[in-house]
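Student: I would like to go through this structure by question and answer. Where should we begin?

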Amino acid sequence: MNQIESHMAFAGVQSVWRHQSDVLGCEMNVAVFVPKHEQGEKLPVIYWLSGLTCTEQNFVTKAGAQRYAAEHGVIVVAPDTSPRGEEVADDPAYDLGQGAGFYINATQEPWARHFRMYDYVLTELPQLIETHFPANEKRSIMGHSMGGHGALIMALKNPGRFAAVSAFSPIVAPTQVPWGQKGFRSYLGSDEGSWRHWDATALLAEATERLPILIDQGEADDFLESQLKPWIFADEAKRLGHPLELRLHSGYDHSYYFIATLIGDHIAWHVQALKN
């Protein structure tokens with residue numbers, strides 16, 4: 001772990017680290033905020049997954065999460081959104097390749113060699129955080145857009161792994177919208193039956209844990225009708241009796257202004273679950 005940035009914020013430290021990922025086969029950046037704490041104290045961790053085109057920088061510089069993490073005494077970890085580097089496969093489009101890993105494990109070439117963000121976030125990253133930082137084994141997860149999709153599938157596929165899951169403007173049914181269909185066809189191949197294993201709405205029916213879910217969605221989001229469609233997820237959750245709080249907000253769009261408005265609510269919600 002090599003530190004490439006360090007800034008004091010709200011009496012804690014916001015740092016960015018670079019490490020070699022064995023899972024992804026490349027170097028990765030990860031941002032870590034550690035609040036002020038007692039010597040020897042171990043803190044719970046909230047993982048944040050960002051959306052298409054983002055790096056770790058979008059969240060740490062725009063969301064304003066450090067203030068709330070400091071108040072509640074939690075570590076917040078924000079990895080990059082995909083493997084990167086000259087040897088990593090890419091595509092000219094913004095919604096495929098580097099910056100668009102979708103938090104799944106690719107099975108198709110040229111993506112399969114590096115694009116295993118699911119394994120990275122689920123296993124390798126927590127091991128690094130719990131080894132190198134004052135973190136205990138209590139974890140929670142949240143994300144935005146593509147990262148909201150990632151957070152939902154991580155929690156739904158791994159009962160007991162996370163105390164809570166929340167999302168801002170998530171892609172909830174990737175098999176039914178253009179962003180997901182394009183990415184899944186490239187990363188997973190043409191067998192659409194295999195896609196459902198990475199679709200949050202489809203995973204609801206298989207979930208063995210009724211982990212409460214919080215989703216916030218802006219009604220002025222340009223992607224609401226075409227790419228996000230949270231009502232698909234809400235209808236399935238209602239049918240199955242899965243606890244979900246879907247909050248719609250008039251006037252808010254897909255940007256970090258929306259995230260910054262509600263990030264304090266989300267961190268407090270996660271902290272309550274982590275305490276329980």
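**Cavities, strands and rings**

Tutor: We can begin inside the protein; the model is predicted. At least two residues of the lining of the second largest cavity come from each of α1, α2 (65-72) and β5.

Student: Which of these elements gives the most to the lining of the second largest cavity?

Tutor: The lining consists of Gln14, Phe33, Phe59, Val60, Ala65, Gln66, Ala69, Val76 and Ala78. By class, seven of these residues are nonpolar, two are polar and none is charged. With three residues, the element that gives the most is α2.

Student: What is the volume of the largest cavity?

Tutor: There are two cavities of 30 Å³ or more, and the second largest has a volume of about 50 Å³. The lining of the largest cavity has seven nonpolar, two polar and one charged residues; Glu209 and His242 are among the lining residues. The volume of the largest cavity is about 70 Å³.

Student: How many residues of the lining of the largest pocket are charged?

Tutor: The largest pocket has a volume of about 180 Å³. Its lining includes Cys54, His144, Trp179, His254 and Tyr256. Six lining residues are nonpolar and six are polar, and the number of charged ones is zero: there are no charged residues.

Student: Thr53 also lines that pocket. What is the phi of threonine 53?

Tutor: Most residues other than glycine have a negative phi. Threonine 53 sits in the loop between β4 (43-49) and α1 (56-62). Its phi is positive, near 75°.

Student: Is strand β2 mostly covered or mostly uncovered?

Tutor: The cut-off for a buried residue is under 20% relative accessible area. Seven of the 10 residues of β2 (residues 12-21) are buried. Strand β2 is therefore mostly covered.

Student: Which residue stands opposite glutamine 14 in β3?

Tutor: Strand β2 has pairing on record with β1 (residues 2-9), antiparallel over seven bridges, where methionine 8 stands opposite valine 13. Nine bridges join β2 to β3 (residues 26-34), again in the antiparallel sense. Glutamine 14 and the residue asked for both line the second largest cavity. The residue opposite glutamine 14 is phenylalanine 33.

Student: Which residue in the turn between β2 and β3 has a positive phi?

Tutor: The hairpin of β1 and β2 has two residues between the strands, and there phenylalanine 10 has a positive phi near 50°. Alanine 11, in the loop between β1 and β2, has a positive phi near 70°. The hairpin of β2 and β3 has four residues between the strands, and the one with a positive phi, about 70°, is glycine 25.

Student: How many aromatic pairs are there, and what is the geometry of tryptophan 111 with tyrosine 187?

Tutor: The count comes to 12 aromatic pairs. Tryptophan 111 and tyrosine 187 have ring centres 5.4 Å apart and planes at 85°. Planes over 60 degrees apart count as edge-to-face, so this pair is edge-to-face.

Student: Why does that pair tie together parts that are apart in sequence?

Tutor: Tryptophan 111 belongs to the loop between β5 (75-79) and α3 (117-132), whereas tyrosine 187 belongs to helix α5 (residues 178-188). Tryptophan 111 is buried at 6% relative accessibility, and tyrosine 187 is buried at 0%. Given those two places, the pair ties together parts whose separation in sequence is 76 residues.

Student: In the pair of tyrosine 252 and phenylalanine 258, which residue is buried?

Tutor: This pair is tilted, with 5.4 Å between the centres and 40° between the planes. Both residues belong to one aromatic cluster with Trp48, Phe59 and Phe168. Tyrosine 252 is partly exposed at 33% relative accessible area. At 1%, the buried residue is phenylalanine 258.

Student: Which lysine lies over the face of tryptophan 198?

Tutor: The lysine in question also lies over the face of tyrosine 118, at 5.6 Å from the ring centre. Over tryptophan 198 the distance from the ring centre is 4.6 Å. The residue is lysine 157.

Student: Which residues does the cis peptide bond with omega of about 5° join?

Tutor: Most peptide bonds are trans. One partner here is proline 110, in the loop between β5 and α3. The bond joins glutamate 109 and proline 110.

How values were computed: Residues are numbered from 1 along each chain as its sequence is written. This is a predicted model: local features need pLDDT of at least 70, side-chain atom pairs count only at pLDDT 80 or more; totals for chains, interfaces and linings use all residues. Side-chain values use heavy atoms; hydrogens and water are left out. On a 1 Å grid over the protein atoms alone, a cavity is a set of points where a 1.4 Å probe fits but cannot get out, and a pocket is an open set with protein on both sides within 12 Å along at least five of seven lines; lining residues have an atom within 4 Å of a point. Grid points are joined across faces, edges and corners, and a volume is the space filled by probe spheres set on the points. Ala, Val, Leu, Ile, Met, Phe, Trp, Tyr, Cys and Pro count as nonpolar, Asp, Glu, Lys and Arg as charged, and the others, Gly among them, as polar. Buried means under 20% relative accessible area, exposed over 50%, partly exposed in between (1.4 Å probe, protein chains only). Two strands pair if DSSP finds at least two bridges between them. Rings of Phe, Tyr and Trp (its six-membered ring) pair if their centres lie within 6.5 Å; planes under 30 degrees apart count as stacked, over 60 as edge-to-face and the rest as tilted. A charge sits over a ring if NZ of Lys or CZ of Arg is within 6 Å of the ring centre and within 35 degrees of the ring normal.
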